[in-house]
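Colleague: Hi! I'm new to this one and would love a quick tour. Could you walk me through it?

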Amino acid sequence: MSVKERKKTSIIENSLKLFSQKGFYNTTIPDIAKAMKMSVGNMYNYFASKEELAKCAIKYSTNVLALELREVNNLEISSKEKIFEFTRRYFTKVKENPEIIEYFLRVYLSNREVFSQGCEGFLCVGEFVTEVMILLEEGASKKEFRDQDFFAAFGMFMGSLGGFAFLSGEKVLEKDLMQYSDLIAENIYRALKYEE
Amino acid sequence: MRSKPTLVWLQALTCNGNTQSLLSSNHTRFEQFLLAFDIIYHPSLTNTITLKEVVSSNSEIDFLLVEGAITSQTHFFSLSDMSVKTILQTLAQRASYIISVGSCAVFGGIHAKFEQNNDIQGVEKSLEHITPKSNHKIIHLTGCPVHPEWILQTLFTLKAKGVIQLDLHNRPVELYSHLAHHGCTRNEYFEWKVEAHDFGLKEGCLFYDQGCRGPMTHSSCNKILWNDVSSKTRVGMPCIGCTEFDFPRDNLFETKKNIGIPAEVPLGISKRAYLSITGVAKTFKIERLNKKIIDENS
């Protein structure tokens, strides 16, 4: 990675934290520049606008999850075990890098107008969606999962994980997040599993 | 080779489809064929001798073309009181070149699925150790049926050069290196993942729901057009993969999917790459591709 690319990544990582804590509109380029110890003018050498930065940030954050799921997809384990393993990794991310998930929930989903040009549909989250497709298709082809509509399965899978990450962010859970991991994975698996 | 090489066409277990195809060839090309070859025997053309006489004769055959699958079981099928395996083996020993015409002749095709007779095979297996006198490999023309021009091109190439370049399955590379997908007039719909909603429509791709095998089938159907003008996919009928060795498969008109995702993706493309591109393409709704090309009501 070039020096410029490393710098861009660092800006994205800092902006993810600020955007997810303060919201998209309450975070300014000067706020991010300050966190980076950079001049505001120099920031624009890396990103032309806050909107462009926001789009790069959603690609970056979902790619972190896509890489996790790709690793899980490549493991020589059953599809059921893959669900349990990915759920553990997902909740670990929620705990260790909450900004990754918070940004998706509190910025990407909540400010669609920012992403309407250039991040339509699955454009900026495509790599992660592809890995979910691979997980589901493989499970169904091995008859571990039942055949069903893709969006019904996808919505249930991501809805469960995202919804629980939201509850964790709201700090309403009674137990440590990781203690829920296998319970949620079991629920996801039961909704997907093959039935004669 | 003689200036007008001799040709014998043997019909074994067949629906006659490849003969139908040959007889439907471009009339100029068919005339050239009749003028260029000495057709000793073809069951659907006027012959001066019978099949029995062809078999009992000692005369050499330059081109032996076989249509249909082979069996030794005479209670299932016989010609002139002989099994087609016996006839084939007799004729093959006198043939310079042997061409299996159609999927049944190449590997047994649909007949090989007949469970009551486990002795139905393609030509090459039935010949065991008999090889053509030219030492040229037995040429496989897969297809159900074979395009007439594929037969004629193969014959004219062999007549002119004595040899034809073959792929790993002994099919002419010139005819079987492309995919049925190449030249399909629906490729723009494939690119943007716009489905055809029914058979026979001009609009939409047949890969997503209708079972089209174009992107994974080696054939030149959309390059060398049928009747010189068309192809299955051009008229709204999915490619059923009839040139491949798993033909005929079950559920020919249905795309096998798992949770809405195609079980098989275009040849040589990883599922991950294909799904990535698909997800992006589906994001955009191209208005032009979702309308009738010619709308008579507008």
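Modeller: Happy to help; we can start with chain B as a whole and then look at its sheet, its domains and the contact with chain A. Keep in mind that this is a predicted model.

Colleague: Sounds good. How many helices and strands are there in chain B?

Modeller: Chain B has 10 helices and nine strands. Its radius of gyration is 21 Å, close to the 19 Å that the globule rule gives for 298 residues, so chain B is as compact as a globular protein of that length.

Colleague: And what does the C-alpha trace of chain B span along its principal axes?

Modeller: About 70 × 45 × 35 Å. As for burial, 39% of the 298 residues of chain B count as buried. If you take the contacts in chain B with a separation of 6 or more, 73% of them come from residues 24 or more positions apart.

Colleague: Let's go to the sheet. In what order do the five strands sit, and is the pairing parallel or antiparallel?

Modeller: The order is β2-β1-β3-β5-β7 in chain B, the sheet is open, and the pairing is parallel.

Colleague: Which strands stand at the edges?

Modeller: Those are β2 (38-41) and β7 (139-141) of chain B. Each has a single partner strand, so one side of each is left without a neighbour in the sheet. On average, neighbouring strands of this sheet are turned by 25 degrees against each other, direction ignored.

Colleague: Does anything pack on it? I mean, which helix packs on the sheet?

Modeller: That's helix α7 (residues 148-161) of chain B, which touches β3, β5 (95-101) and β7 of chain B. The direction of α7 makes about 160 degrees with that of β7(B).

Colleague: Tell me about β3(B). How many of its residues are buried?

Modeller: Seven of its seven residues are buried, so to speak a mostly covered strand. On one side, β3 (residues 61-67) is joined to β1 (residues 6-11) of chain B by five bridges. With β5(B), β3(B) pairs in the parallel sense over six bridges.

Colleague: Can you give me some residues to click on? Which one is the bridge partner of B:Trp9?

Modeller: B:Leu65, in β3(B). Also in β3(B), B:Phe63 is the bridge partner of B:Leu7. Then try B:Glu67, which stands opposite B:Val101 in β5(B).

Colleague: Nice. Switching topic: what does the domain assignment of chain B give?

Modeller: It gives domain 1 (6-173) and domain 2 (178-298). Nine residues from domain 1 of chain B and 10 residues from domain 2 of chain B make up the contact between them. On the domain 1 side, those residues divide into three nonpolar, five polar and one charged.

Colleague: How far apart do the C-alpha centres of the two domains lie?

Modeller: They lie 32 Å apart in chain B.

Colleague: Last topic, the two chains. How many residues does the contact take from each?

Modeller: It takes 20 residues from chain A and 12 residues from chain B. On the chain A side, the elements that give two or more residues are α8 (126-141) and α9 (150-169). The largest share comes from α8(A), with 10 residues.

Colleague: And how do the residues on that side of chain A divide into nonpolar, polar and charged?

Modeller: There are 10 nonpolar, five polar and five charged.

Technical notes:
Residues numbered from 1 in each chain as written. Chains lettered and ligands numbered in written order. Predicted model: local features only at pLDDT ≥ 70, side-chain atom pairs only at ≥ 80, totals over all residues. Pairing = 2+ DSSP bridges. Helix = DSSP H or I, 4+ residues; strand = E, 2+ residues; numbered from the N terminus. Axes fitted to C-alpha atoms, helices over the stretch in contact; angles between N-to-C directions. Contact = placed C-beta atoms within 7 Å. Nonpolar A, V, L, I, M, F, W, Y, C, P; charged D, E, K, R; others polar. Buried ≥ 20, exposed ≤ 12 C-beta atoms within 10 Å, placed from the backbone. Domains from an automatic or database assignment. Rg over C-alpha atoms; globule rule 2.2 N^0.38 Å.
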